[in-house]
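Good morning, colleagues, and thank you for your attention. I would like to introduce a structure that may be new to you, beginning with the whole and then turning to selected residues.

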Amino acid sequence: MSGSQKALKVVSVLLIIYAVAMAAFGVFMMAGGSFLVGETVDVDGTAQAANVMAAALGAGTIAGGVIDLIIGLLGLRGAKNPRKVGPFFVLCIIGLVLGLVSLGMSIAQGSFNPWSLASLVIIAVCLYLSAQVKKQA
């Protein structure tokens, strides 16, 4: 196993751990939202039901966790067998393009989220590692 494969394996395992934690947090948000019945949250001057907002955020967090889990599993599969790194490579390209568009739109609107930049760097590293592993196939 080459250095790039080992690094991709480590990153993939970390992504899987993160995905499981994110999905668990989403379940916690959805379950905890039941305690917010009758409470409201002000969203741009409009009162929204807090339990509905918690359920929606929880569902989105669970969906994000599942997507990250799939990406992590594909990265792990690609690290073990360089011939199977293609789907992970494609997802990294898509993620990098979407991340750049999102970052550009945020900056154009006058806001900047450092976490978005960190996420973009992680995706770029994954893309680089998958390209190195792909060369070995």
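How many helices and how many strands does the secondary structure of the protein contain? There are four helices and two strands. Please keep in mind that this is a predicted model. Following the sequence from its start, one meets these elements in the pattern α-β-β-α-α-α.

Let me turn to the overall dimensions. Along the principal axes, the C-alpha atoms of the protein fill a box of roughly 60 × 35 × 20 Å. The radius of gyration is 18 Å, whereas a compact globule of 137 residues would have a value near 14 Å. The accessible surface of the protein comes to about 8,400 Å², and carbon and sulfur atoms account for 72% of that surface. Of the 137 residues, 28% are buried.

The charges deserve a word as well. The protein has 8 positive and 4 negative charges, and the mean positions of the two groups lie 41 Å apart.

How is the chain connected to itself? If we take the contacts between residues at least 6 apart in sequence, 72% of them join residues at least 24 apart.

I now come to the interior. In general terms, nonpolar side chains in soluble globular proteins tend to be buried together. In the present model, the largest nonpolar core has 15 residues, and those with the most contacts inside it are L8, V85, F88, C92 and L127. Helix α2, helix α3, which spans 86-108, and helix α4, which spans 114-136, each supply at least two residues of this core. As for L127, its contacts beyond four places in sequence are with F89, C92, I93 and L96.

Let us look next at helix α2, which covers residues 50-80 and includes T61. Is T61 buried or exposed? T61 counts as buried because its relative accessible area is 18%, which is under the 20% limit. Apart from residues up to four places away in sequence, T61 touches M22, F25, G26 and M29.

G75 is also placed in helix α2. Its relative accessibility is 0%, and G75 is therefore counted as buried. Which residues does G75 touch, if those up to four places away in sequence are set aside? They are L8, S12 and F88; L8 and F88 were both named a moment ago among the core residues with the most contacts. In addition, the C-alpha atoms of G75 and L91 are 9.8 Å apart, with their positions 16 residues apart in sequence.

In helix α4 we find L120. Since its relative accessibility is 9%, L120 is buried. Leaving out neighbours within four places in sequence, L120 is in contact with L96, G99, L100 and L103. One of these, L100, is 20 residues away from L120 in sequence, yet the two C-alpha atoms are 7.3 Å apart.

My last residue is D44, in the loop between β1, residues 40-43, and β2, residues 46-49. Is D44 buried or exposed? D44 is exposed, because its relative accessible area is 80%, which is over the 50% limit. Its backbone also calls for comment. Most residues other than glycine have a negative phi. D44, although not a glycine, has a positive phi of about 50°.

That concludes my presentation, and I welcome your questions.

How values were computed. Residues numbered from 1 in each chain as written. Predicted model: local features only at pLDDT ≥ 70, side-chain atom pairs only at ≥ 80, totals over all residues. Heavy atoms only, no water. Buried < 20%, exposed > 50% of the residue type's maximum accessible area, 1.4 Å probe, protein only. Contact = heavy atoms within 4.5 Å. Core = buried A, V, L, I, M, F, W, Y, C linked by side-chain atoms within 4.5 Å. Rg over C-alpha atoms; globule rule 2.2 N^0.38 Å. Areas by Shrake-Rupley, 256 points an atom, 1.4 Å probe, with all protein chains shown as cover. Lys, Arg positive; Asp, Glu negative; His and termini not counted. Charge placed at Lys NZ, Arg CZ, Asp CG, Glu CD.
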